[in-house]
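Me: I am new to this structure and would like to understand one part of it well. Please take a close look with me, step by step.

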Amino acid sequence: RMSVIAEQINAYHPNNGSSSIGAPSRLMGYVKGSPEMIQTLCKPSTLPDNYKQMLTEYSHQGYRVIAIAYKPLTSIPQLEKPELRSWLECDLHFLGLLVLENKIKIETAPTLAILSKASVRSVMVTGDNPFTAITVAKECGLV
């Protein structure tokens, strides 16, 4: 997963064309990562009731899914990196799921078939959701 702290300074408001010059800056922490991990870091009340169902549905279709959450901040404590990360990555507000489609290249399945005929064992190493990995492996003929 990855975390970042962003400071919004003199924000432009597209609804009315004004800016908040002179207004205090706002700090926000954003975290992205696997939906399974982000779920454990979020306040349960911010997660949709069908969170697991949506994740299962997308991953069974072979999509890669990344969860995104945020945390409003009032200040940044002076902590070492591991402690700062632990401080930031808790009590998050779920923001959404980023659903990505990464199509298998046309030449992937034929190339894997040639390798298999030549007795070359092909394996898939991935950090994707297991259901996504299974779907991709089926699409390219690994299983």
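The part I have in mind is the salt bridges, and the reply below walks through them and their surroundings.

Reply: Happy to help! What you see is a predicted model, in which local features need pLDDT of at least 70 and side-chain atom pairs count only at pLDDT 80 or more, while totals for chains, interfaces and linings use all residues. Residues are numbered from 1 along each chain as its sequence is written, and side-chain values use heavy atoms, leaving out hydrogens and water.

Let us begin with the whole chain. It has 5 helices and 6 strands, where helices (H or I, at least four residues) and strands (E, at least two) are DSSP runs numbered from the N terminus. Their order along the sequence is β-β-β-β-α-α-β-α-β-α-α. Of the 143 residues, 24% are buried; that word means under 20% relative accessible area, exposed means over 50%, and partly exposed is in between, with a 1.4 Å probe and protein chains only. Contacts, meaning heavy atoms within 4.5 Å, often reach far along the chain: 67% of those with a separation of 6 or more join residues 24 or more positions apart.

Now to your topic. Side chains of opposite charge can pair when their charged atoms come close. A salt bridge here is a side-chain nitrogen of Lys or Arg within 4 Å of a carboxyl oxygen of Asp or Glu, and the count comes to 4.

Take the pair Glu89 and Arg1, whose closest N and O atoms are 2.5 Å apart. Glu89 sits in the loop between helix H3 (81-88) and strand S6 (93-100) and Arg1 in the segment before S1, so this pair ties together parts that are 88 residues apart in sequence. Glu89 is buried at 5% relative accessibility, whereas Arg1 is partly exposed at 46%. Glu89 also meets Arg85 in a salt bridge, 3.1 Å from N to O, and Arg85 is partly exposed at 37%. Together, Arg1, Arg85 and Glu89 are linked in a network of salt bridges.

Another pair is Arg64 and Asp128, 3.0 Å from N to O. Arg64 belongs to strand S5 (residues 64-73) and Asp128 to the loop between helix H4 (108-117) and H5, so the two tie together parts that are 64 residues apart in sequence. Both are partly exposed, Arg64 at 22% and Asp128 at 25%.

Arg64 leads us on to Thr132, a residue of helix H5 (residues 130-139). Setting aside residues up to four places away in sequence, Thr132 touches Ser59, Gly62, Tyr63 and Arg64. Thr132 is buried, with 2% relative accessibility. A polar atom of the Thr132 side chain lies 2.8 Å from the backbone oxygen of Tyr63.

For a contrast with charged pairs, look at the nonpolar surface patch of Met2, Val4, Tyr30 and Leu95, with about 350 Å² of accessible area together. Patches are built from residues with over 30% relative accessible area and no salt bridge, joining like charges within 9 Å and nonpolar side chains (Val, Leu, Ile, Met, Phe, Trp, Tyr) within 5 Å. Met2 is part of strand S1 (residues 2-8) and is partly exposed, at 45%. Areas come from the Shrake-Rupley method with a 1.4 Å probe, and for residues only the protein chains shown count as cover.

Terms used:
A polar contact is a pair of N or O atoms within 3.5 Å; within protein, one must be able to donate a hydrogen and the other to accept it, and residues adjacent in sequence count only if both atoms are side-chain atoms.
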